[in-house]
Structures are given as structure tokens and as C-alpha cells.
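Biologist: Got a minute? I'd like to go through the cysteines and a few backbone oddities with you.
Modeller: Sure, let me pull it up.

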Amino acid sequence: MKQNDPLPPETGKLADHYRDIISLLGEDINREGLVKTPLRVAKSLQFLLNGYHQDPEEVLKSAMFREEDYKQMVIVKDIDFFSLCEHHMLPFFGKAHVAYIPRNYITGLSKIARVVDIYARRLQVQERLTLQIKECIQKTLHPLGVMVVIEAKHMCMQMRGVEKQNSLATTSDFTGFFQQAKTREEFINLIKK
């Protein structure tokens, strides 16, 4: 979008709501530093939540390759992500580690990271984010197994509530060959190196 392009109607509506919110919080919406804040917040949220407008399955399908006869674990680790908690709309962020064991198809490695980003850029809880990434890869690639581990810090726990600044939440989910303890252990050892 260029500087002089008209704004989408949703952006203006969001900005109007933020103008009201700022005013209800006791601030002067006409104060110099706040005049453009509602519009900036509206644009920011539209960017942070743009995962609703992307199809993660199509992203994986756009780079599926059948020729490779690889049947060992494929791992993409330390995928940085940022998301917004659906309970307080505060950020949570961390790293996702994703593995799959191909059956017939492999996919471009960057597509795994894109799938993480698409689901993270929606109002989320970490548990659902973990599940959605796993299910998308399983459904689209039909691998012999998928495992996802997510480690994240939650600002809703650090800035408010219990205020535990050093807490880290870890979630995992898996299918297929990863149901075997030995395979899961291999994955965990590889992502911890």
C-alpha cells in the first residue's frame, strides 16, 4: 500500500474503536503523541494477525516434491515466532521445532517455517498452535510421522497476573513414528544440540 492509497474500510473502523479505547482509558486522544496512534495500532494488528488470510496447506503444496526417496527425519528447528494470546491479546513468542518423516513427499524447508508463521499470526493459545502445525503437515504431506515442540514466553504471565518473568512454556504433539519413545528421544536430542 502506498502512502496516498485509500485505507481499507476495516482499518478505519479499527482505528475508530482504538480512538474510543484510548479515550476510555483516560487519555486525551488529541494529544500530539496520540493523534495517529489509533491508525498505527489498527495497521499493526492487521499485520500481526494476517494469518487469517493465508492457507498453510496451500503453502506446503506449493513446494511438494515426490521424486525424493528420503525416509529419515527432517527437522527444522529454532523457528522464531511471535503470536498474540487470545485471552489478553498480549504477545507470546519463542521457538518452534518441527520434524516429519516423509512417506511419499518432501516439502521446501522454508515452507515449514511459513506454516508456523501463518498459524502464529492468529489469535492463539500455545497448545492450539502446536496442534494446528502438526495437523497441517500430517494432512498435507501424509508423512510417516510429525512432531512439533514449541517453547515460548508469555507476556500475559510476565507483565500481569503472576508476573513470572523467567517462565517458559513448552508444548509438544506428535503422530505416527513419533509415538515410539526412541524416535521422540532422537528428535529431542537433535533439537537440544
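We'll take the cysteines, then the backbone angles.

Modeller: One thing up front: this is a predicted model.

Biologist: Fine. How many disulfides are there in the whole structure?

Modeller: A search of the whole structure turns up 0 disulfides. Cysteine 85 is in no disulfide, and the nearest cysteine sulfur belongs to cysteine 156, 4.1 Å away.

Biologist: Why is cysteine 156 not bonded to cysteine 85?

Modeller: Because the two sulfurs are 4.1 Å apart, which is too far for a bond. A disulfide needs the pair of sulfur atoms within 2.5 Å.

Biologist: Is cysteine 85 buried or exposed?

Modeller: Buried, with a relative accessibility of 4%.

Biologist: And what about cysteine 156, buried or exposed?

Modeller: Cysteine 156 also counts as buried, at 11% relative accessibility.

Biologist: Okay, switching to the backbone. What is phi of aspartate 78?

Modeller: Phi there is near 55°, a positive value in a residue other than glycine.

Biologist: Where does aspartate 78 lie?

Modeller: In strand β2, which covers residues 74-85. Aspartate 78 is partly exposed, with 37% relative accessible area.

Biologist: Then methionine 89. What is its phi?

Modeller: About 55°, so positive, although methionine 89 is not a glycine.

Biologist: Where is methionine 89 found?

Modeller: Methionine 89 is in the loop between β2 and β3, with β3 being 91-101.

Biologist: What is the relative accessible area of methionine 89?

Modeller: It's 39%, and methionine 89 therefore counts as partly exposed.

Notes: Residues are numbered from 1 along each chain as its sequence is written. This is a predicted model: local features need pLDDT of at least 70, side-chain atom pairs count only at pLDDT 80 or more; totals for chains, interfaces and linings use all residues. Side-chain values use heavy atoms; hydrogens and water are left out. Buried means under 20% relative accessible area, exposed over 50%, partly exposed in between (1.4 Å probe, protein chains only). Helices (H or I, at least four residues) and strands (E, at least two) are DSSP runs, numbered from the N terminus.
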